[in-house]
Each structure stands twice: as structure tokens, then as C-alpha cells.
Amino acid sequence: MKKVELVEAIAEKAGLTKADATRALDATIEVIKDALAQGDKVPLAGLGTFAVSQRAAREGRNPRTGATVQIPARKSVSFKAGSALKEAVN
């Protein structure tokens, strides 16, 4: 599903205009980004939880040359699906 299709579905289900649904979706995404940037978890009931995890520095290999490369530590976003979402999918 593309963003346009998601906006249309939100507008139809919530009885909003497409412009209002777009603004609501964009605001939701922005709030989630801001919360994750601050290191907070974002639990969404019935859907799951977005969280930030720390990846340790590690050693990797360049597949082309086989040379060893240092991969720096970094933060990563993870999503853990909630039980209601898992049940809906299965």
C-alpha cells in the first residue's frame, strides 16, 4: 500500500477529506520520529511498539575485495508487532 492509498483509506474510514487525512498522517509520522529521536518508545495499542536500539561496533568484510572493514556503532529503529496485529495477519 502506498501513502496515497493509505491516505484515501484513512479519509474514508474517519470521514475526513483527503487533505485532512494527509495532514493527520504526516503529523503522526512526525511525532513518532521526534519521540524516537529522543530515545522514547512509541507503543500503539493494537499495532505494536516502535523503539530505538543500539547496535555495537563490529568488524565486517568488503564483499568485493575481502578486506576487513570497521562498521561503527549506530542506532537502529525496531518495530515489534503486538498480539492483536499478529492475530489479524494470521
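## Salt bridge between helices α1 and α2

K3 counts as partly exposed, at 44% relative accessibility. The model is a predicted one, and K3 takes part in a salt bridge with D26, where nitrogen and oxygen are 2.5 Å apart. K3 belongs to helix α1 and D26 to helix α2 (residues 18-37), so the pair ties together parts that are 23 residues apart in sequence. D26 is also partly exposed, because its relative accessible area of 33% lies between the limits of 20% for buried and 50% for exposed.

Helix α1 itself covers residues 3-14. Its 12 residues should span 16 Å at 1.5 Å a residue, and the C-alpha atoms at its ends are 16 Å apart, so the expected and computed spans agree. Just after α1 comes G15, whose phi is positive, at about 70°.

## The other salt bridges

Across the whole structure, three salt bridges are found. One of them pairs K18 with E8, with 3.6 Å between the closest N and O atoms. This pair links distant parts of the chain, K18 being in helix α2 and E8 in helix α1, 10 residues apart. The 3.6 Å separation qualifies because the cut-off for a salt bridge is 4 Å. E8 has a relative accessible area of 36% and is partly exposed.

R23 and D20 also form a salt bridge through their side chains, with an N to O distance of 2.3 Å. Both residues are in helix α2, three residues apart, so about one helical turn separates them. An α-helix has 3.6 residues a turn, so residues three or four places apart point the same way. In this pair R23 counts as exposed, with 52% relative accessibility, whereas D20 is partly exposed at 32%. R23 is classed as exposed because its 52% is over the limit of 50%.

## Chain layout and overall dimensions

The protein chain has three helices and five strands. In sequence order these elements follow the pattern α-α-β-β-β-β-β-α. Two helices therefore come before the run of five strands, and one helix comes after that run.

How does the radius of gyration of the protein chain compare with that of a compact globule of 90 residues? The chain has 19 Å, while such a globule would have a value near 12 Å. Along the principal axes, the C-alpha atoms fill a box of roughly 55 × 30 × 25 Å.

The buried fraction of the protein chain is 13% of its 90 residues. The chain exposes about 7,200 Å², and 56% of this area comes from carbon and sulfur atoms. Among contacts between residues at least 6 apart in sequence, 26% join residues at least 24 apart.

## Strand β5: S76 and V77

Strand β5 comprises residues 74-81 and includes S76. V77 is found in strand β5 too. Are these two residues buried or exposed? S76 is buried, with a relative accessible area of 16%, and V77 counts as exposed at 52% relative accessibility. S76 is placed in the buried class because its 16% is under the limit of 20%.

Not counting residues up to four places away in sequence, S76 touches A51, V52, S53 and R55. With neighbours within four places again left aside, V77 is in contact with L36 and A51. V77 and V52 are 25 residues apart in sequence, but their C-alpha atoms are 4.6 Å apart in space.

## An aromatic pair between strands

How many aromatic pairs does the count give? The count comes to one aromatic pair. The pair is F50 with F79: their ring centres are 4.8 Å apart and their planes stand at 50°, so the pair is tilted. The class follows because the angle of 50° is neither under 30 degrees, the limit for stacked rings, nor over 60, the limit for edge-to-face rings.

F50 is in strand β2 (residues 48-55) and F79 in strand β5, so the pair ties together parts that are 29 residues apart in sequence. Both rings belong to partly exposed residues: F50 has 22% relative accessibility, and F79 has 38%.

Conventions. Residues numbered from 1 in each chain as written. Predicted model: local features only at pLDDT ≥ 70, side-chain atom pairs only at ≥ 80, totals over all residues. Heavy atoms only, no water. Helix = DSSP H or I, 4+ residues; strand = E, 2+ residues; numbered from the N terminus. Expected span 1.5 Å × (residues − 1). Buried < 20%, exposed > 50% of the residue type's maximum accessible area, 1.4 Å probe, protein only. Contact = heavy atoms within 4.5 Å. Rg over C-alpha atoms; globule rule 2.2 N^0.38 Å. Areas by Shrake-Rupley, 256 points an atom, 1.4 Å probe, with all protein chains shown as cover. Phe/Tyr/Trp six-rings, centres within 6.5 Å; stacked < 30°, edge-to-face > 60°.
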